[in-house]
Amino acid sequence: MQLLKSFWKFIQNLQSFVGTLLFLIVMIILCSLFIGGVLFDSSEQKIDQKNAALLIDFKGTVVEQEAYSSDPYEQLLAGEVEANTRLRDVVQAIEHAKNDDNISSIILNFKKFNGGMPSKLHYIGSKLDDFKESGKKIYAYGNLYDQGDYLIASHADEIYMHPHGAALLYGYGGFQNYFAGFLEKIKAEVQLFRVGKYKSAMEPYTRSDMSDEAKEANMELYGGLWDHYVSDVSSQRGISEDALRSAIDNSDSALSALGGDLGKLALESGLVDGLKTREEWVTFLQDIVGEGPNDSEVNVIGFRRYLIDKNGLNNLKIGGNQIAIVYATGTIMDGDMPQGTVGGDTMSRQLREARQDDNVKAVVLRIDTPGGSAFASELIRQEVLLLKEAGKPVIASMASVAASGGYWIAANADQIWASPTTITGSIGIFGAVPNIEGTLAEIGINTDGIGTTDLIAPGLVKPLPEKVSNIIQSNIENGYQRFLNIVAEGRGMTTEQVDEIAQGRVWTGEKALELGLVDNIGNIDQAIAAAVELAELSDYKVIHWEDELPFEMQLIRRIMNQDGNLQNTLDKRSISPEQILLKKIRDNLSLFSMMNDPGHAYLLCLTCVDGFNPQY
């Protein structure tokens with residue numbers, strides 16, 4: 001026995017040693033790649049070049065914030081680290097380039113781009129329009145333009161495409177997997193409690209199809225978003241809206257007449273200005289900006305390196321009058337959460353820090369969330385109220401999605417700004433508790449026990465006692481009434497007026513303005529200007545008030561943004577339908593892991609994220 005214990009201890013020590021050794025090896029590799037990327041980055045040259053083009057090579061998805069898990073090493077080894085494009089980085093690079101004499105033009109590249117929500121894409125387009133006011137040109141090139149790619153590319157002066165490519169415009173819509181039949185087969189159920197005629201967040205777990213109410217609300221939402229898309233592309237390309245809609249609707253017959261040549265279809269439809277092979281595209285750029293230094297093909301500067309050189313240490317939190325931008329990005333959950341998820345405690349702390357900092361004169365609450373925990377949302381709202389009591393204006397700036405809990409935390413802001421294509425509203429509430437008693441019984445596991453009262457709930461392995469169900473339903477109804485009261489107070493409306501436009505229904509920002517749910521239509525620039533005006537400032541600095549990324553995550557992100565990625569970045573065209581389906585199922589089922597509200601009450605708009613996917 002003693003020999004066995006000694007052997008087991010040796011195995012444990014060996015495991016610890018091997019783990020530490022592997023960790024050190026990984027860190028050495030990461031640091032080497034990081035240092036090499038900083039010192040020997042040949043793809044993104046220094047900005048001492050003249051007549052250079054700024055290369056905006058979109059990667060992954062356009063996001064407000066970079067997300068990371070609580071264990072970045074596990075995230076890296078699992079292959080879940082993605083190189084995304086942060087919205088404010090693109091915007092800042094474009095703004096710098098507009099007045100930079102060394103930058104002659106902008107080149108847009110979409111090879112590794114997976115799109116983004118409409119409001120972000122329209123915002124980037126508006127910044128490209130501002131850039132063109134300088135008299136400088138924008139050129140776009142793509143092997144294949146997805147709908148999100150093309151929305152941005154349409155703002156270029158000239159759009160080119162590979163002869164074997166295509167421009168795919170197909171409209172907006174949303175499809176979800178419905179699990180009622182699956183749950184029935186495995187003898188499981190979701191015990192649902194809700195208020196709101198249109199509160200369809202949990203329909204995938206209780207139905208086999210979309211309800212008529214959800215179809216009605218979603219069709220109006222998608223129709224509004226598509227109208228903005230068509231209007232934007234139409235004005236940029238000089239094509240009438242009717243002609244553009246007709247070209248899209250009749251693309252099958254037009255393509256047949258061209259012998260199935262998608263490249264010619266894009267050219268004859270006026271969506272692109274020319275078809276060029278890669279070699280022809282490089283030659284074209286060389287004629288405009290010349291060859292690059294160090295034997296590089298074209299005189300371009302990558303926008304990420306450009307930003308590093310331009311910004312330097314400007315983003316440090318220094319004294320003076322500050323407008324703090326606090327981000328609510330991702331699902332709202334109770335507790336402390338890493339960036340990319342809105343932790344009730346985490347964001348409350350950030351707002352409290354901004355309130356207690358004498359340099360901060362106003363706060364812009366940048367919201368990009370479908371909601372989540374009702375309890376966490378209320379914690380955040382209370383901090384908003386305390387900021388106002390402290391005399392610091394709070395402006396809510398809605399990004400792509402500010403629904404359910406996202407609207408709850410915005411309701412009491414001094415002003416609410418939304419983009420025309422922001423998805424907002426979803427004023428409703430629900431509760432959900434899974435029950436897998438039947439599933440366990442199928443494999444021979446039964447659950448039994450006793451309690452001193454009828455309120456003893458056995459968790460996930462038995463149906464909730466009737467009295468517990470009654471308590472949860474009463475709490476949900478009370479939560480809905482509180483939601484109505486909060487909105488009524490914040491918007492100067494009666495609860496009856498709010499109830500009429502609530503019921504869990506989502507709206508575009510443009511429609512929300514008509515309904516009185518927001519004060520103004522505008523992007524974050526206008527929201528910051530409003531904060532400056534309310535704070536009566538003439539001199540100020542904008543501060544992104546967020547927790548610093550862990551050092552190891554910064555290393556990983558830096559490496560992922562190099563051309564020679566550590567992880568193979570999948571080209572969007574290589575993603576199979578099976579991968580898309582599996583991801584959607586996994587994402588739907590992982591919803592339950594995000595439901596940690598202590599009262600089982602949720603302000604969540606599932607359709608706002610999973611049901612709306614403009615890329616597939």
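# Notebook: loops, a sheet and helix pairs

I opened with Ile186, which is partly exposed, with a relative accessible area of 29%. A reminder to myself: this is a predicted model. I found Ile186 in the loop that links helix H6 (180–185) and strand E7 (189–195). Setting aside residues up to four places away in sequence, I listed what Ile186 touches and got Gly438 and Thr439. I also checked Glu437: its C-alpha atom is 9.9 Å from that of Ile186, although the two positions lie 251 residues apart along the chain.

**Another loop residue**

Next I went to Asn299, in the loop between helix H12 (278–289) and strand E9 (300–302). Is Asn299 buried or exposed? At 6% relative accessibility, Asn299 counts as buried, because the cut-off for buried is under 20%. I then looked up its contacts, leaving out neighbours within four places in sequence. Among them are Gln49, Lys50, Asn51, Ala52 and Ala53, and also Val289, Gly290, Glu291, Gly292 and Pro293.

**The sheet**

From Asn299 I moved on to the sheet that contains E9. I traced 6 strands in an open sheet, in the order E8-E6-E5-E4-E1-E9, with parallel pairing. Which strands stand at the edges? They are strand E8 (274–275) and E9; each has a single partner strand, so one side of each is left without a neighbour in the sheet.

Inside the sheet I picked one pair to follow. Strand E4 (residues 103–113) and strand E5 (residues 137–142) run parallel and are joined by 5 bridges. For Ser105 I noted Lys137 in E5 as the bridge partner. I also saw helix H13 (residues 303–311) lying across strand E1 (52–60), E4 and E9, and I wrote down its angle to E1 as about 115°.

**Two helix pairs**

For my own bookkeeping, two packed helices are described by the angle between their axes and the distance between the axes.

I took helix H14 (residues 344–356) and helix H15 (residues 374–389) as one pair; their axes are 8 Å apart and the angle is about 5°. H14 and H15 are therefore roughly parallel to each other. On the H14 side the contact has Gly344, Asp345, Met347, Ser348, Leu351, Arg352, Ala354 and Arg355. Facing them in H15 are Ala376, Leu379, Ile380, Glu383, Val384, Leu386 and Leu387. I sorted the residues of this contact into 9 nonpolar, 2 polar and 4 charged.

The other pair I noted is helix H8 (residues 212–237) with helix H9 (residues 241–249), whose axes come within 9 Å and cross at roughly 110°. That angle makes H8 roughly perpendicular to H9. I logged the crossing of H8 and H9 as right-handed. H8 brings Trp226, Asp227, Val230, Ser231, Val233 and Ser234 to the contact, and H9 brings Glu241, Leu244, Arg245 and Ile248. Here the split is 5 nonpolar, 2 polar and 3 charged.

**A last residue: Leu534**

I finished in helix H21 (residues 524–535), where Leu534 lies. How does Leu534 count by accessibility, and at what percentage? Leu534 counts as partly exposed, at 39% relative accessibility. What does Leu534 touch, not counting residues up to four places away in sequence? My list reads Pro393, Ile395, Asp414 and Gln415. I also checked Lys361, which is 173 residues from Leu534 along the chain, and found their C-alpha atoms separated by 9.5 Å.

Technical notes
Residues numbered from 1 in each chain as written. Predicted model: local features only at pLDDT ≥ 70, side-chain atom pairs only at ≥ 80, totals over all residues. Heavy atoms only, no water. Axes fitted to C-alpha atoms, helices over the stretch in contact; angles between N-to-C directions. Helix = DSSP H or I, 4+ residues; strand = E, 2+ residues; numbered from the N terminus. Parallel < 35°, antiparallel > 145°, perpendicular 65-115°, else oblique. Left-handed = near helix turned anticlockwise from the far one by under 90°. Contact = heavy atoms within 4.5 Å. Nonpolar A, V, L, I, M, F, W, Y, C, P; charged D, E, K, R; others polar. Buried < 20%, exposed > 50% of the residue type's maximum accessible area, 1.4 Å probe, protein only. Pairing = 2+ DSSP bridges.
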